[in-house]
Each structure stands twice: as C-alpha cells, then as structure tokens.
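Visitor: I'd like a close look at one part of this structure, the charged side chains that pair up. Could you walk me through them?

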Amino acid sequence: MIFTGRVSSCFSQFLGFANRSFNSYKLPGDPSSSPSLTYGIHIFHCPDEVGLVAKLSECIASRVGNILGADVFFPQNKNVFYSTSELVFDAVRWPRKQMDGDFLKLSNMFSAIRSVARVPALDPKFKIAVLASKQDHCLVDLLYGWQEGRLPVDITCVISNHHRGPNNNVMHFLERNGIPYHYLHTTEENKREREILELVLNTNFLVLSGQFLRTYGKDVINIHHGLLPSFKGGNP
C-alpha cells in the first residue's frame, strides 16, 4: 500500500520505475557484451565488518555486471551496514536465478539481515493498494504516472477515509481502468484497520500503525510528508 504523498526517487528506483534504456551501453573492457543490458537493484543489510563493499563489488563484477551507482550507510554506534547498488548486466550471461544464488551466498557469508535483488524487466510487477486522504493532487499524480508506464505496478485498489462523488475526476479514472475504490469512514476510536487489512492481503507495500504493520507482516515504504524534518505537520 502506498500512502499518497510525493513519491521519492529511491522508492521509484527500487520498484523499477526509472525509465532507463541501456541499448547502447557496453560493459567496460568487454567489446563483446550484449547490445541490450538489463537494469537491476540490490539492497543489502547486515552486521558491519571490513570488506563488505569489496565483496559486493566482486560478486557483481565476477558475473561481468557493472555498478552504475551505490549508496552506503553506516548508522552511528549501531554496527550495521546498509547498501543500495544500481547495476546493469547481461541477463544471458548472468541469469536471474543465478543472481539470486550469488547474492544468497553473499548473505550467508555476512549473516545478512536482508538481501533483496530487484530486476524490473524480469520480475513480476508489485501489487500495491493506494491509501488516499482528502486532497486529490498526490493521488492523481500517482495514477497518471501509472497510466504512462512510469510506475510498472498492478494497482489492486484505492482506499480512502473520504467520500468521492461519482462526478469526481479520480472516480472516472478509476472506473475507466477497472480499479476499485473503497470508502471507509474512520473515527478516533475506529480506524477501520481490520477492514483495510482484508482489502490488502495480496499487496506488497503498506503504511499504517505499528500494530497494523505487525499483522500485515510485509514490506513498508513510508513517503508521508511528515518524514521531512523541515516540514512537519499536516500542512507542510
């Protein structure tokens, strides 16, 4: 589930939303490389130790892959390592199952907490539900991005605590594209989380309360504007 706010570039990249073409890209030092390379992302989280970046690079390079960019993060006094690597590779020379196997070996070597490889062109689309509030603009932006192919996901439904009438432009869009809209009136005493859980059983992403998330038990991407330190509150 996505709580509609501004969709971040990191979120887009992880889901494979970036429109990238590597048809003319050649792997460095390899004139025989395929004229069409495949884009992927690898997320890694493990206890920190010496040699992690070198081993990650070696794993990718050993399959003649090339790293386009890497973000590495070491939280202070936490002794943990986080990395996100963007890469291109020849899918014939490094088959998708082999990639998972190689990263699994790396995970076992470093007792990884999390290791996820995502290849948008080869992997199934993520299923998402959209949790929307009263204003339409963020929801509209996301829906049009999906319509234009910038967000290659399957939208299972839109859920909102605000009623939208039949003449609303968003409702017309959802009806044309066969996307269900669920209006759930909420109060301070009843957030309707049980009903929402029933609607999002087959999705991959979710943003709600801690208890709700523990029950859901899947990945979370929070892009609510309240995360921005300089713009706290409901009207940033």
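Visitor: Which side chain does Asp-136 meet in a salt bridge?

Guide: Asp-136 pairs with Arg-164, and the N to O distance in this salt bridge is 2.8 Å. Keep in mind that we're looking at a predicted model. As for where the partners sit, Asp-136 is in the loop between strand E6 (127-132) and helix H4 (137-147), while Arg-164 is in the loop between strand E7 (154-160) and helix H5 (169-176), so the pair ties together parts that are 28 residues apart in sequence. The two ends don't fall in the same burial class: Arg-164 has a relative accessibility of 6%, so it counts as buried, the cut-off being under 20%. Asp-136, at 25%, counts as partly exposed.

Let's step back for the general idea. Side chains of opposite charge can pair when their charged atoms come close. Across the whole structure, a search turns up eight salt bridges, and the Asp-136 and Arg-164 pair is one of the contacts of this kind.

Next, have a look at Asp-123. Its side chain meets that of Arg-118 in a salt bridge, at 3.8 Å from N to O. Here Asp-123 is buried, with a relative accessible area of 14%, and Arg-118 is buried as well, at 6%. This pair also has company: Arg-118 and Asp-123 belong to a network of salt bridges that takes in Arg-96 and Asp-100.

For a pair within one helix, go to H2, which spans residues 52-61. Lys-55 and Glu-58 both lie there, three residues apart, or about one turn of the helix. They form a salt bridge whose closest N and O atoms are 3.8 Å apart. Lys-55 is partly exposed, with a relative accessible area of 33%, and Glu-58 is partly exposed too, at 47%.

One last stop, away from the charged pairs: Thr-203, in the loop between helix H6 (193-199) and helix H7 (210-216). The Thr-203 side chain reaches the backbone oxygen of Val-200 at 2.8 Å. At 2% relative accessibility, Thr-203 counts as buried.

So, back to your opening question: Asp-136 meets Arg-164, and this salt bridge joins two loops, one between E6 and H4 and the other between E7 and H5.

Notes. Residues are numbered from 1 along each chain as its sequence is written. This is a predicted model: local features need pLDDT of at least 70, side-chain atom pairs count only at pLDDT 80 or more; totals for chains, interfaces and linings use all residues. Side-chain values use heavy atoms; hydrogens and water are left out. A salt bridge is a side-chain nitrogen of Lys or Arg within 4 Å of a carboxyl oxygen of Asp or Glu. Helices (H or I, at least four residues) and strands (E, at least two) are DSSP runs, numbered from the N terminus. Buried means under 20% relative accessible area, exposed over 50%, partly exposed in between (1.4 Å probe, protein chains only). A polar contact is a pair of N or O atoms within 3.5 Å; within protein, one must be able to donate a hydrogen and the other to accept it, and residues adjacent in sequence count only if both atoms are side-chain atoms.
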